Amino acid sequence: MARSADAPRIGIIGAGVVGLALARRLAAEAEIVVVDKENQVAAHQSGHNSGVVHSGVYYAPGSLKARLCRRGAVLLRDYCRDRNLPHRELGKVIVARDDREVVRLRELQRRSEANQVPGIRWLSAGELTELEPAVRGRAGLHSPSAAIVDFRRVARAYAADVEAAGGRLLLGQAVTSIRRQGDRVELIAGEQRMILDRLIICAGLHSDRLARMAGDERGPMIIAFRGEYYRLVAERSGLVNGLVYPVPDPAYPFLGVHFTPGVDGTVHIGPNAVMALAREGYRRRDVDLADLVRELSWPGTWRLARRHWRAGARELYGSMIKRAYLNEARSYLPALCSQDVVRAPAGVRAQALDADGQLVDDFRISTIGPITAVRNAPSPAATSSLAIAEHIADLLHR
């Protein structure tokens with residue numbers, strides 16, 4: 001359907017899966033331009049993740065995460081099938097190693113049932129071994145609908161949809177100015193100056209900086225956490241049949257070391273979660289002093305450090321000492337040996353942090369006049385991308 005001559009002009013900052021999903025959702029009714037400082041789509045979080053399509057096991061019932069994850073997983077499955085993109089429902093087992101984790105696993109079972117996750121099944125130790133012969137645990141929770149995709153390919157497909165609908169992608173154009181002009185927005189990116197009816201910020205690692213440029217509050221601040229991976233050598237990739245996950249610590253937002261087969265057959269182990277020294281700190285030697293000053297000047301950073309310094313020290317030790325990292329992995333997969341694994345490229349997670357030191361768990365979206373800013377979109381944002389697009393589109397129509 002052709003757009004009307006007076007269709008609104010909407011700009012979206014960020015060519016990751018969330019920004020591109022939103023662009024394709026709005027392209028039929030608006031003139032869309034997607035801006036990104038990188039020369040390719042999915043250059044950061046969308047292209048540096050495990051490729052997992054989450055089923056909704058972990059999230060508090062009724063939360064935005066829970067609702068959008070369940071809806072998004074179905075939409076993404078159908079989209080991949082329609083576009084002939086790889087989507088493999090390998091299933092996931094969440095493994096409890098001791099009695100304390102069994103109690104936590106029961107809570108995950110309750111959440112799963114409240115979130116209507118399909119096919120959830122409690123596993124005894126013996127039933128766990130039947131599904132994953134090399135894995136050891138006291139009990140397990142099986143989520144058969146958990147899947148894997150290639151989010152780089154998904155992002156490229158979204159981008160093709162945007163362009164097919166008449167939208168534009170301005171890649172390699174860093175945003176330098178966002179200014180409100182009454183009920184419109186002036187955006188300057190590279191040498192491009194645009195006057196927009198609406199602007200939506202989906203900038204991941206830089207979402208707080210750009211939201212602040214647009215006139216939003218300073219917080220929550222984005223803290224970058226590097227997630228480091230190992231991978232199984234090819235001849236040992238058969239050690240797991242599907243996704244093998246730990247029971248998460250409810251006081252800590254990261255899932256811990258897990259085993260994730262990819263669509264190419266490679267099995268990744270990880271990630272850990274180490275505070276990065278740059279927003280795009282994929283390597284230990286990557287340091288950006290401006291990023292560090294911003295993060296260390298945020299009061300929440302110090303409150304977070306006081307609350308979680310033990311967990312932080314444990315993650316850092318595992319980052320530096322391969323034996324410590326593997327010991328954690330072996331607590332689930334005892335047959336794992338040092339020669340079975342090699343290092344793999346790291347990713348960086350944008351984690352929003354409030355001034356009180358609380359890590360923001362749910363999706364958080366703010367509105368400043370004609371500007372909408374996605375301030376926090378952690379996992380399962382990639383899974384939820386099409387549902388997030390629906391949600392934001394609904395917000396714009398109110």
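These questions and answers set values from a predicted model against the definitions behind them.

Me: What do the numbers and values rest on?
Reply: Residues are numbered from 1 along each chain as its sequence is written, and side-chain values use heavy atoms, with hydrogens and water left out. The model is predicted, so local features need pLDDT of at least 70 and side-chain atom pairs count only at pLDDT 80 or more, while totals for chains, interfaces and linings use all residues.

Me: Why is Lys65 with Asp361 called a salt bridge?
Reply: A salt bridge is a side-chain nitrogen of Lys or Arg within 4 Å of a carboxyl oxygen of Asp or Glu. The closest N and O atoms of Lys65 and Asp361 are 3.5 Å apart, so the pair counts. Lys65 lies in helix 2 (residues 64-83) and Asp361 in the loop between strand 18 (341-353) and strand 19 (364-368), so the salt bridge ties together parts 296 residues apart in sequence. Helices (H or I, at least four residues) and strands (E, at least two) are DSSP runs, numbered from the N terminus.

Me: Is Lys65 called buried or exposed, and why?
Reply: Buried means under 20% relative accessible area, exposed over 50%, and partly exposed in between (1.4 Å probe, protein chains only). Lys65 has 4% relative accessibility, so it counts as buried. Its partner Asp361 has a relative accessible area of 47% and is therefore partly exposed.

Me: What makes Lys37 and Glu280 a salt bridge?
Reply: Their closest N and O atoms are 2.7 Å apart, which meets the rule. Lys37 is in the loop between strand 2 and strand 3, and Glu280 is in the loop between strand 17 and helix 7 (289-296), 243 residues apart. Lys37, with a relative accessible area of 33%, is partly exposed, and so is Glu280 at 25%.

Me: How many salt bridges does the rule give?
Reply: The count comes to 25.

Me: How do you know that Glu107 and Arg110 are about one helical turn apart?
Reply: Both lie in helix 3 (residues 99-114) and are three residues apart, which means a separation of about one helical turn. They also form a salt bridge, with the closest N and O atoms 2.7 Å apart.

Me: Why are strand 9 and strand 11 called edges?
Reply: The open sheet has three strands in the order 9-10-11, with antiparallel pairing. Strand 9 (175-181) and strand 11 (192-196) each have a single partner strand, so one side of each is left without a neighbour in the sheet. Two strands pair if DSSP finds at least two bridges between them; strand 10 (residues 184-189) and strand 11 have five bridges, so they pair.
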